[in-house]
Amino acid sequence: MDLVDQRKFKELFRDHLYWSNPDQPSLTVKVDEVTYTLEQVAGFKGLRVWYCAVLPPKRVQRLIDEQVRTSSTEERLVIFADEHEQAWRWPRRAQLGSANAKLVLHGYKVGSDDRRLARQLNAVKIGFNEQLTIVDMLARMRVAFDHEAETASAQAARMMGALYAELERSRWDERNATLLLARLLFLWFADDTGMWRKTIQGEAPALFQMFVENHTSAETFVTDLAALFEVLDTEEGKRPKGTPPELDAFRYVNGGLFNEPMQMGSLTLAFRDQVLEAGEFDWSIISPAVFGSMFQTVKDKKARRAAGEHYTTEESILKTIEPLFLTELRLRLENARGDQGQLTKLHNDLGRLRIMDPACGCGNFLIVAYRELRALEMDLLLARRELDLKNKDIAHVQQSFDITSELKVSLDHFYGIEIEEWPARIAETAMLLVDHQANLRMQDDFGIVPDRLPIKVAPTIVHANALRHDWESVVPPNDDVIIVGNPPFLGQYTKNPEQTADVKRIWGANYNGYLDYVTCWYALAIKYYGKHSGRFAFVSTNSISQGEATEFLWRPIFDTGWRCRFAHRSFQWTTETADGAAVHVSIIGFDKRTDNVPKATLWTYPEGGAGIGTPHEVANINAYLLPAPRVFVSSVSKPLSALLPKVDYGSKPTDNGKLVPKSNDLAAVTEIRTDPIASRYLRRFVNADELLYDKERWCLWLEGVTPQVIASSPVLSARVAAVREFRLKSTKAATVKKAATAHLFDERRQPSTSYLAIPRHVGETREFFTSKRMPPEIICGDANFMVEDPDGFALGVLSSTMFILWMRAIGGRLKSDLRFSNTFVYNSFPLPVLSDQRRSALVAAAAQLTAARAQFPAKSLADLYELGRIPEPVLEAHTAIDKVIDAAFGVEDGATVEARQRLMLRRYAALTKQLDDAALFDLDGASDD
């Protein structure tokens, strides 16, 4: 970096990065009557580094590079530098390897700690023993520029957010602000991708940027833009005489983008400066697939949460569309190479596909799907051309192969529904941009590109509520329609009344209060297809395959003939922004293939959902995303096994901290202890935190205490009075009624014998469920469940490997933490009948576990069960428990987790009379070993 600061670029590249000596003389170019000299300082197999010892304006830099490009068809890196600043123009990441590539600007201030530039230079350093090709070098640069592209996307997002903020200051409403920004986005992209020219020959000037620079002012910017928009919406032959040449130079755009009526408000003086600054940015390097990130910059996190919006990364989009249809199409292409008939059949099939996203947001799914299908079509057309070249002379092929007439993947085959106008507008615009990017690739491959101006073909993006709009009116259903998307995530307690009404209306008699908002899209998808086959896949919260709601969603899907084609089990969600959603999701796709071709693919992830998924081909994927029988687990009011005692909630105070002081309220506990009467009724209290982390907490337990005793204590009387007042203010009639017994907990279930305290949630990495036996004098709060357990039998059952694997298989989760439920997880546990001998052995093993834990008094339950650090005596006790429970279930030695879960699901199916259904859909050839 010292050499960079000193502008010793020859020494940098030749002596430290080990590039070759220059092989070209200096170049002189003229821009605006000014002559500039560029010296080649190094090269690498056709990739040349040029240095200009001045730093002209960015517009001039671009024009200089245009002339450097025309002087040579080789790759280039151009450095402009003065004493204080430098502009490094690197080969564009998306077009590395293309002779006509534009360059990416990296500005550098001399003396700054610029790690991005250092990283890029490291990427092009050649080791002494390396034998690199130009392809190897460009591949290295691609890796380095991935980070550059991410940075550029973030910069673009900030600029869009700043422009939106200026419009808000000028009191623009959302509709007109979004339309203006969408138009500006199109104009910048058109500038940077050569869209204004009619042929691929010649330079493509940045017309919009030059118009803003030279023909507008801050005071007249509103009318200047309005005049431009009117010209863009007028056919070139029908424009009024006297249209200024700087406006008449623009091509007719057509389409709704510039045709739709727009009310132009006032603009701040700063707005034009920000538009100029944004115009200096190279918008061609931004993937339209990240425009969702731009949208996030103009809405706050709270607003996104209310709408359930979670923008999908490109990685997650590919996790959805590749197993749903792309991988299959790519395999067909590979198998069809060399066979003109099969290539033609595949091409016709591509032309029949229709892609719909009924919650499209900014169109990310549609954008990536279109990009990938266009790329697949280009590969197919290249394969056809290669066959033609083998069978015919080259001249004939060049005359007969009209690539533009051969295109079958078209923008008007893509459809979206979006409830909000801004993302719908961005989706519409971004699809036009990605189409132009695909055409630029066609130019590289075939030397010809379709002229998309004026716009004649566009996607259909409907601005409507997808839960109320008729999907069939967007695109008629048939076997070639593919539905994909990332519908809104809203759980049971986050839906507003209107959204709850939508869920109830869509599910009708099958409505279950636990169904996530996202499940409405599944219900409408199966209704939309009817008897048609089709395919659909959604990114969803992991809750749709966990807990009580699973049966209510999946049963109608299976009953209408769909199979789970693929699934990504729960993994950590990441979005394009730093404050992205903290959720865990699953991606699930369906088709109606009855021959199981291709075989179902299940991706599994490490506990917690972090890391890379591992794919497994399986014979069947059930509703719990397991390669196991199609069994549905239901809530029941009492345990299926007569051996299991009834579990209930702990006691609920509803006291505003007066009967159960907060754990950090030491003054309240001291006050109670110093009162000779109140101190008699002070009891240890355990909620989940106290249970798991051995925290000390106390409560007033006044069961059986008379009013006279309470009145004799200032502390008791004051606290009881406060509870009474608190309950009387409640909006719940039942709570108000409990004001009459304000000295008692609202709900009281404290047992008179030893009991098992059961936390509602345990960490996803726990190897065993962490419950603990307690004496009756310790009061159990309602953040726990509890069950009477005088001899430790319940502790033994819940501490078994089989029980926690049952929870993992079918239970609900909070993010990724395991959620205990008495009516669902516990009552459904298919515990086999235990002989008296086995029951006694289990009680003994539970006692062994209690004794083993007691050997470590300084360790809380959370400490004892830290992953990989469970003490040996505790592990030995769990082994003793597992020996009993495994024998009862018939678990074979070395059984896998999935084998154990299949075994429990089969037993559950037998207990609930689902055995025939389970056997019908069981895994082909699966065993329990």
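## A three-stranded sheet

In this predicted model, strand S17 (residues 682–686) and strand S22 run parallel and are joined by 2 bridges. One residue pair can be picked out here, since Val686 has Cys780, in S22, as its bridge partner.

These strands belong to an open sheet of 3 strands, in which the order is S18-S17-S22 and the pairing is mixed. Strand S18 (698–700) and strand S22 (779–780) each have a single partner strand and stand at the edges, so one side of each is left without a neighbour in the sheet.

## Helix H8

How far apart are the end C-alpha atoms of helix H8 (residues 221–232)? They are 16 Å apart, which agrees with the expected span, because 12 residues at 1.5 Å a residue should span 16 Å. Within H8, the buried residues include Phe221, Val222, Asp224 and Leu225, and Leu228, Phe229, Val231 and Leu232 are buried as well.

## Two nonpolar cores

In soluble globular proteins, nonpolar side chains tend to be buried together. The largest nonpolar core of this model contains 117 residues, and those with the most contacts inside it are Trp471, Phe536, Trp554, Phe820 and Phe829. Helix H21 (residues 519–529) contributes the largest share of this core, namely 9 residues. A second core, separate from the largest one, has 102 residues, among them Tyr164, Met442, Trp603 and Tyr605.

Which residues is Phe829 in contact with, leaving aside its neighbours within four places in sequence? Phe829 is in contact with Ser641, Leu644, Val797, Met802, Phe803, Trp806, Phe889 and Met904.

Notes. Residues numbered from 1 in each chain as written. Predicted model: local features only at pLDDT ≥ 70, side-chain atom pairs only at ≥ 80, totals over all residues. Heavy atoms only, no water. Core = buried A, V, L, I, M, F, W, Y, C linked by side-chain atoms within 4.5 Å. Buried < 20%, exposed > 50% of the residue type's maximum accessible area, 1.4 Å probe, protein only. Helix = DSSP H or I, 4+ residues; strand = E, 2+ residues; numbered from the N terminus. Contact = heavy atoms within 4.5 Å. Expected span 1.5 Å × (residues − 1). Pairing = 2+ DSSP bridges.
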